[in-house]
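Let's walk through this structure together, starting with its open and enclosed spaces and ending at the ligand. Keep the view at hand as you read.

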Amino acid sequence: MSNRPALNNARTHTGYDAVIVGAGFAGLYMLYRLRQLGLHVRVFESGSGVGGTWYWNRYPGARCDVESVQYSYQFSDALQQEWEWTERYATQPEILRYANHVADRFDLRRDIQFDTRITSATFDESRAHWSLQTQHGKCVTAPFCIMATGCLSSTNTPSFRGLDTFRGEVYHTGRWPHESVDFTGKRVGVIGTGSSAIQSIPVIAEQAQHLYVFQRTPHYTVPARNTPLDPEYKREVKRSYAALRSHAKQMFAGIDLRLNDQAAVQASEEERQREYESRWTYGGVSFMGAFNDLLFNEASNATAAAFVRSKIHEIVRDPAIAEALSPSYVIGCKRLCVDTGYYDTFNRANVTLVDVSKAPIDAITPVGVKQGTREYTIDCLVLATGFDAMTGALFNIDIRGKGGQTLREKWLGGPRTYLGLMTAGFPNFFTITGPGSPSVLTNMLPSIEQHVEWITDCLKHLRSHCIDRIEPTLEAENEWVAHVNEVAGTNLRSSCSSWYVGANVPGKPRVFMPYIGGFPAYVQKCNAVVAAGYRGFVLSATSHRAAQVIPAPADSA
Ligand code: N01
């Protein structure tokens with residue numbers, strides 16, 4: 001055992017200073033930082049390898065829609081200088097190679113236990129530690145429990161009648177097999193038309209004998225314009241990485257994007273068309289940066305939505321299919337998708353769009369998908385039906401805080417956190433990119449790094465002050481939840497049925513889960529809380545020290 005100071009007197013010989021659940025980008029970096037702090041840490045990962053979402057989401061065409069030079073860690077300049085991204089948007093295999101490279105480069109694997117799902121986490125008040133149970137019946141203890149379980153990791157499989165009777169293969173985009181899947185000569189059905197479907201449909205269509213796309217709601221998508229990265233561009237990025245990263249941190253989504261600080265309603269029709277056209281040609285999510293009011297003003301938003309609809313009608317030859325593919329709700333409300341050849345795929349003779357918006361899928365039969373009296377015969381079924389976002393992965397674990405209260409009970413009406421980092425009644429329990437933080441509305445990598453660094457600094461602070469317990473006050477939490485809801489109410493993103501509000505999972509409370517105040521403002525708030533001595537948190541020592549209560553200020557929001 002090393003001579004580093006232990007964080008908690010209650011640590012047992014079987015215990016760790018901290019347990020991290022998940023070995024995706026959040027878990028890997030958390031392990032790296034806590035190890036640097038000298039802590040004895042164990043990571044538990046249900047998969048057989050690192051990478052989290054990029055370990056599981058291996059569906060055809062999977063790639064990130066944040067540009068590769070930005071969707072990467074920045075904590076190590078040596079790492080960002082040595083790693084070579086090959087394309088503007090990295091494919092899933094390339095991102096997974098990167099995650100593996102990070103794990104090896106920083107020698108992280110020796111503290112990660114793979115193929116081990118955590119089934120429960122219980123706070124033991126008398127010993128002030130967390131007891132975690134693995135699927136193999138083992139128990140580990142640690143004073144600190146850190147959830148790096150991801151925002152989009154618990155898959156959503158709708159309860160289609162007869163699904164278990166289907167005789168062909170069923171795949172979920174979020175749990176794609178590791179072996180290669182070949183659809184050549186097969187009749188394939190894809191249910192869903194979100195980001196995962198929009199990326200996989202053009203690739204599956206090229207292989208399949210026939211592809212049926214079952215669409216409940218059309219999603220807006222813009223072209224990626226993916227391309228191999230030019231060596232000179234890469235050299236330039238590497239020369240100026242620090243400036244790029246620091247500029248990105250000042251941007252709303254933590255991404256260095258071209259934003260136009262002009263309102264769409266103030267621009268002329270001609271200016272608007274020019275701007276939208278230029279962004280359509282450039283490609284990617286910067287389309288929504290065309291004007292600064294697209295997510296705040298319905299009339300402005302309608303101009304961008306109409307532009308995309310006009311593009312769909314330009315690309316798709318059959319006007320009825322083009323119309324069926326055209327969304328009518330606010331653009332950007334459901335997450336904007338980024339595609340390569342999606343709309344054009346519907347010009348293929350071997351692709352059929354099936355509208356299930358008015359007449360839903362009745363059942364899956366042994367040989368196909370049934371809608372009313374019509375049955376679509378297929379050999380393979382792809383469920384691109386998304387995730388139980390933000391809370392699903394946490395609820396899959398039986399988490400119990402003080403007094404045996406479960407997280408499920410506490411969040412019955414929707415997630416309640418302070419800063420998306422902690423929740424009252426669950427001391428020493430952290431959620432990396434948890435609900436109530438910007439997370440999924442931003443580039444996940446800088447958001448992960450910011451949370452990991454905040455938690456690391458927090459544990460360092462506790463140790464240097466001989467404090468072994470931290471928990472938000474209910475008052476601070478209530479104020480934060482109210483602020484998160486208030487900000488969401490001002491943004492058009494909360495105006496439709498999306499996974500942001502839990503609408504895709506029957507029975508899930510309709511609450512806008514991420515914080516939509518923007519990355520820079522959020523970081524400022526987190527830093528201000530620390531500068532004020534962990535305002536809104538109760539810091540206490542289990543034994544001889546009196547609790548320090550730092551009250552939440554009126555302006556904690
Ligand atoms: O999931 P989704 P996803 N009957 O929830 C449909 C990230 N991501 O995996 O819209 C019929 O968006 C559902 O229909 P509707 C990204 O943040 C990123 O595609 O609810 N259809 C919808 O069409 C993304 O937003 C990347 O009416 C049903 C689809 O299934 C998030 O993950 C790539 C149904 C689900 O779409 C989730 O994306 C991929 C039913 N009963 C994902 N139930 C990149 O970085 C659901 N649907 C590029």
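**Pockets, cavities and a ligand**

The second largest pocket has a volume of about 650 Å³. A pocket here is an open set of points on a 1 Å grid over the protein atoms alone, with protein on both sides within 12 Å along at least five of seven lines. Grid points are joined across faces, edges and corners, and a volume is the space filled by probe spheres set on the points. This is a predicted model, in which local features need pLDDT of at least 70 and side-chain atom pairs count only at pLDDT 80 or more, while totals for chains, interfaces and linings use all residues. Residues are numbered from 1 along each chain as its sequence is written, and side-chain values use heavy atoms, with hydrogens and water left out.

Around that second largest pocket you will find 27 lining residues (those with an atom within 4 Å of a point). Phe252, Ala253, Met288, Leu295 and Arg493 lie nearest its centre. By class, the lining has 17 nonpolar, 6 polar and 4 charged residues; Ala, Val, Leu, Ile, Met, Phe, Trp, Tyr, Cys and Pro count as nonpolar, Asp, Glu, Lys and Arg as charged, and the others, Gly among them, as polar.

Next come the cavities, sets of points where a 1.4 Å probe fits but cannot get out. The structure holds 3 of 30 Å³ or more, and the largest cavity has a volume of about 60 Å³. Its lining includes Met147, Cys151, Met390 and Leu394, as well as Thr431 and Pro435. No charged residues appear in that lining, which has 6 nonpolar and 5 polar ones.

Now turn to the ligand. Of the 24 residues around it (each with a heavy atom within 4 Å), Thr193, Ser196, Arg216, Thr217 and Lys334 come nearest. This shell divides into 9 nonpolar, 10 polar and 5 charged residues. Helix α5, residues 195-207, gives the most to the shell, with 3 residues; helices are DSSP runs of H or I with at least four residues, numbered from the N terminus.

Which atoms of Thr217 does the ligand meet? An oxygen atom of the ligand is 2.4 Å from an N or O atom in the Thr217 side chain. A ligand oxygen is also 2.9 Å from a side-chain N or O atom of Trp499.

How values were computed. Polar contact = N/O pair within 3.5 Å; in protein donor to acceptor, adjacent residues only side chain to side chain. Helix = DSSP H or I, 4+ residues; strand = E, 2+ residues; numbered from the N terminus.
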